[in-house]
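Work through these exercises with the structure open beside you. Try each task before you read its solution.

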Amino acid sequence: MAAKFSIKTTPSFFLVLSLTVILFFTLSCFSSDPDPLQDFCVADLNATTILNGFPCKPVYQVTSDDFLYSGLVNEASTVNPMGVAASFADVKNFPGLNTLGLSMARGELAPGAYFPVHVHPRATELNFVMKGELLFGFISTGNVLYSKVVKAGELFVVPRGLVHFVKNNGPGKAVVVAAFNSQLAGVALIPNNLFGSNPTIPNGILAQNFQVDENVIVTIKSKFAN
């Protein structure tokens, strides 16, 4: 004879079960960006209230110009101490991108120049090398470095939020166009964050993390003085 078993159900049991189901579906609904509920939402950059993004400009004020941006047409000058230049097409200077979940940037690097080690906290980065030869690399959370020399016409992808770098590996100027799956990917320059924040991270904490004398930290910070 098959064994019989039963589960005692009480009002509190059903209450916990119901709350668990509600919580599960609530988290499922908010675990990713919602689909747009309108054709577009051109950002009102003059709005005084901003809640995790930009409110929409009234439709009657929207024109075709809101969907055109020419900021990446021309090469930017790399005549500066770092030998790099970057032009961005994100929601802050291209309001038509608001709520669309994408943006772009154009970078120029003089021979031997590099972009500082950095992260984009809100987006994956897909790089298309237009000119020259660039060394790309990113580090996984398992502390593994993935790097490749990328030539003109090739692409290299950097997963969201991972520390990465890029350096001009060729003899001439290099140009790269990057696409992001966020209207405002954000960028955190690791050296500046660690040694040039305001207020600064205490020297003792940095010295412990890098296992060096505090005088070394003082010297490095002097290079990133605000």
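**Exercise 1. A residue in a strand**

In which strand does Val149 lie? Then decide whether Val149 is buried, partly exposed or exposed, and find its contacts far along the chain.

Solution.
- Step 1. Note first that the model is predicted. Val149 belongs to strand β6.
- Step 2. Take its relative accessibility, which is 35%. Buried means under 20% and exposed means over 50%. Val149 therefore counts as partly exposed.
- Step 3. Set aside residues up to four places away in sequence. Val149 then touches Glu133, Leu134, Leu135, Glu154 and Asn169.
- Step 4. Check one distance. Val149 and Phe136 are 13 residues apart in sequence, and their C-alpha atoms are 6.3 Å apart in space.

**Exercise 2. A histidine in a strand**

Locate His164. Is His164 buried or exposed? List what it touches.

Solution.
- Step 1. His164 sits in strand β8.
- Step 2. Its relative accessibility is 3%. The cut-off for buried is under 20%, so His164 counts as buried.
- Step 3. Leave out residues up to four places away in sequence. The contacts of His164 are Pro116, Val117, His118, Val119, His120, Glu125, Gly137, Phe138 and Val158.
- Step 4. Phe136 serves as a reference again. Between the C-alpha atoms of His164 and Phe136 there are 7.5 Å, with their positions 28 residues apart along the chain.

**Exercise 3. Neighbours in a loop**

Which loop holds Asn98, and which loop holds Thr99? Work out how accessible each residue is.

Solution.
- Step 1. Asn98 is in the loop between β1 and β2. Thr99 is found in the loop between β1 and β2.
- Step 2. Asn98 has 1% relative accessibility, so it counts as buried.
- Step 3. Thr99 has a relative accessible area of 39%, so it is partly exposed.
- Step 4. Look at the contacts of Asn98, without its neighbours within four places in sequence. They are Cys41, Val42, Ala43, Phe54, Pro55, Val91 and Gln183.
- Step 5. Look at the backbone of Thr99. Its phi is positive, about 75°, although Thr99 is not a glycine.

**Exercise 4. More backbone details**

What is the value of phi at Asn143? Which form does the peptide bond from Asn198 to Pro199 take, cis or trans?

Solution.
- Step 1. Asn143 has phi near 65°, a positive value in a residue other than glycine.
- Step 2. Asn143 lies in the loop between β5 and β6. Its relative accessible area is 64%, so Asn143 is exposed.
- Step 3. Turn to the peptide bond from Asn198 to Pro199. Its omega is near 0°, and the bond is cis.
- Step 4. Place Pro199 on the chain. Pro199 is in the loop between α2 and α3.

**Exercise 5. Two helices that meet**

At roughly what angle do the axes of α3 and α4 cross? Name the residues that meet.

Solution.
- Step 1. Helix α3 covers residues 203–210 and helix α4 covers residues 214–222. Their axes come within 8 Å and cross at roughly 110°.
- Step 2. Angles of 65 to 115 degrees count as roughly perpendicular. So α3 is roughly perpendicular to α4.
- Step 3. From α3, the residues in contact are Asn203, Gly204, Leu206, Ala207 and Phe210. From α4, they are Glu214, Ile217, Val218 and Lys221.
- Step 4. Sort them by class. The contact has 5 nonpolar, 2 polar and 2 charged residues.

**Exercise 6. A pocket**

How much space lies in the second largest pocket? Describe its lining.

Solution.
- Step 1. The second largest pocket holds about 360 Å³.
- Step 2. The lining has 23 residues, and Ala86, Phe88, Phe115, His118 and His120 are the closest to the pocket's centre.
- Step 3. Trace the strands. β1, β2, β3, β4, β8 and β9 each supply at least two lining residues. The largest share, 4 residues, comes from β9.
- Step 4. By class, the lining has 16 nonpolar, 5 polar and 2 charged residues.

**Exercise 7. The whole chain**

How many helices and strands does the protein chain have?

Solution.
- Step 1. The chain has 4 helices and 10 strands.
- Step 2. Of its 226 residues, 30% count as buried.

Definitions and conventions. Residues are numbered from 1 along each chain as its sequence is written. This is a predicted model: local features need pLDDT of at least 70, side-chain atom pairs count only at pLDDT 80 or more; totals for chains, interfaces and linings use all residues. Side-chain values use heavy atoms; hydrogens and water are left out. Axes are lines fitted to C-alpha atoms, for helices over the stretch in contact, and angles run from 0 to 180 degrees between N-to-C directions. Angles under 35 degrees count as roughly parallel, over 145 as roughly antiparallel, 65 to 115 as roughly perpendicular and the rest as oblique. Contact means heavy atoms within 4.5 Å. Ala, Val, Leu, Ile, Met, Phe, Trp, Tyr, Cys and Pro count as nonpolar, Asp, Glu, Lys and Arg as charged, and the others, Gly among them, as polar. On a 1 Å grid over the protein atoms alone, a cavity is a set of points where a 1.4 Å probe fits but cannot get out, and a pocket is an open set with protein on both sides within 12 Å along at least five of seven lines; lining residues have an atom within 4 Å of a point. Grid points are joined across faces, edges and corners, and a volume is the space filled by probe spheres set on the points. Buried means under 20% relative accessible area, exposed over 50%, partly exposed in between (1.4 Å probe, protein chains only).
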